[in-house]
Amino acid sequence: ATPAALSVAVGRAAQKGVLFRKGDALERLARVDTVALDKTGTLTLGRPRVVEVRLFGRTASSEERQEALGKVAALEAHSTHPLARAILEYAQGVPPYPAEEVVVEPGLGVRGKVLGREVLVGSPRYLEEKGVPLPDLGGSGATLVLAAEEGRVFALFAVEDPVKPEAQEAVRVLQAMGLRLVLVTGDREAPAWEVARRLGLSEVHAGVLPKDKAQLVARLQEEGRRVLFVGDGINDAAALARAEVGLALATGTDIAVEAGDAVLMRDDIRLIPFALRLARRTVWTIR
Ligand code: ADP
Ligand code: MG
């Protein structure tokens, strides 16, 4: 494509809500054959809600419940993760305890000292890694957040984050264009496949830690794939930078936006097939 044709296309894309931050990104986009999509906040609304809480207490009295929520809130107050927001919203009105030595571990959870005791809040995998025995988690398709104190689980939160209403159409169009679609998430297999099933996706990589999202992109590239990565979170930044083209959602974190070659200014993922089509048409037009 001529420079003039490219700048016309970049202008059209901007009008629709796709901002190309780098000049050659549109050309690279035309050559993409694989789209890797982050789950939380990209395919789902990113506004998770706590739908169930289980306490593993002695009496499950209301004081014990307050205490449990206060401890969890103490740690989640230090995280900006959507799951942390969901739990804080649920625990509204419960005074959080002061926490010390808090460490936020991206893609895993948060730990720290609450009332002098070691408390962990995060994924089943995170607790398992820390040597905490897990309760029976069942086959639930919800995202699970567990809380443990001194090595013992005391609370389980089941959290649901609905799929975006336009996600199905976006996926269908991308598939019709012949693109290989890959869902990538730090969440467990069950909730990842639940989203995949709803959207008709057949390739899922679950339990992928933030640093391994970029590795996965690299692996696809080694297979000869040209990858567009779409994500919104801090934990997507490395993958966005590594991909042929990184497309960040403006609704996500600043870090993700900075790592992207292009930004979706409107929260409508149908703009992904729109941008791909525009790029292909612009670049492959015979002059
Ligand atoms: P995704 O790839 O879907 O955006 P993440 O990599 O951010 O997911 O997180 C993976 C998992 O780590 C979550 O499903 C959750 O179980 C756990 N996790 C991460 N951060 C937190 C937190 N602040 N509170 C509770 N759990 C967390
Ligand atoms: Mg995300």
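Around ligand 1 in this predicted model, a shell of 23 residues is found, of which Thr40, Ser79, Gly107, Ser123 and Gly186 come nearest; a residue is taken as near a molecule or strand if its C-beta atom, placed from the backbone, lies within 6 Å of it. By class, this shell has 7 nonpolar, 12 polar and 4 charged residues, where Ala, Val, Leu, Ile, Met, Phe, Trp, Tyr, Cys and Pro count as nonpolar, Asp, Glu, Lys and Arg as charged, and the others, Gly among them, as polar. At least two residues of the shell are supplied by each of α3 (39-43), α5 (82-90), β5 (109-114), β6 (117-122) and β7 (143-149), the helices (H or I, at least four residues) and strands (E, at least two) being DSSP runs numbered from the N terminus. Because domain 1 (3-46 + 162-284) and domain 2 (49-160) both give residues to the shell, ligand 1 lies between them. In this model, local features need pLDDT of at least 70 and side-chain atom pairs count only at pLDDT 80 or more, while totals for chains, interfaces and linings use all residues. Residues are numbered from 1 along each chain as its sequence is written, and chains are lettered from A and ligands numbered from 1 in the order in which they are written.

The domain assignment of the protein gives domain 1 (3-46 + 162-284) and domain 2 (49-160), with bounds that come from an automatic or database domain assignment. The centres of domain 1 and domain 2, taken over C-alpha atoms, are separated by 31 Å. Their contact takes 15 residues from domain 1 and 12 residues from domain 2, two residues being in contact if their C-beta atoms, placed from the backbone, lie within 7 Å. On the side of domain 1 that touches domain 2, the elements that give two or more residues are α3 and α8 (189-199), and the largest share, 3 residues, comes from α8. This side of domain 1 has, by class, 6 nonpolar, 6 polar and 3 charged residues.

An open sheet is formed by 7 strands in the order β1-β13-β12-β11-β2-β9-β10, with mixed pairing; strands are said to pair if DSSP finds at least two bridges between them. At the edges stand β1 and β10 (204-205), each with a single partner strand, so one side of each is left without a neighbour in the sheet. Helix α9 (residues 210-222) packs on the sheet, where it touches β2, β9 (180-184), β10 and β11, and its direction makes about 160° with that of β11; axes are lines fitted to C-alpha atoms, for helices over the stretch in contact, and angles run from 0 to 180 degrees between N-to-C directions. Strand β2 (residues 34-38) pairs with strand β11 (residues 227-231) in the parallel sense over 4 bridges, and Leu37 stands opposite Val230 in β11.

Antiparallel pairing is found among the strands from β4 to β8. Strand β4 (residues 99-105) is joined to β5 by 5 bridges and runs antiparallel to it, with Lys113 in β5 as the bridge partner of Glu100. The hairpin of β4 and β5 has 3 residues between the strands, and Gly107 takes a positive phi near 80° there; Gly107 is also among the residues that come nearest to ligand 1. Strands β6 and β7 pair in the antiparallel sense over 4 bridges, Gly122 standing opposite Leu146 in β7. A further 7 bridges join β7 to strand β8 (residues 152-160), again antiparallel, and Ala158 in β8 is the bridge partner of Leu144. The hairpin formed by β7 and β8 has 2 residues between the strands, and Glu150 in the turn has a positive phi of about 45°. Since 6 of the 7 residues of β7 are buried, this strand is largely enclosed by the rest of the structure; a residue is buried if 20 or more other C-beta atoms, placed from the backbone, lie within 10 Å of its own, exposed if 12 or fewer, and partly exposed in between.

Two loop residues, Arg21 and Asp261, are in contact with each other. Arg21, in the loop between β1 (18-20) and α2 (25-30), is partly exposed, with 13 other C-beta atoms within 10 Å, whereas Asp261, in the loop between α11 (254-259) and β13 (262-264), counts as buried with 24 C-beta neighbours inside 10 Å. Neighbours within four places in sequence aside, Arg21 is in contact with Gly260, Asp261, Ala262 and Val263, and Asp261 with Arg21, Lys22, Ala25, Val245 and Gly246.
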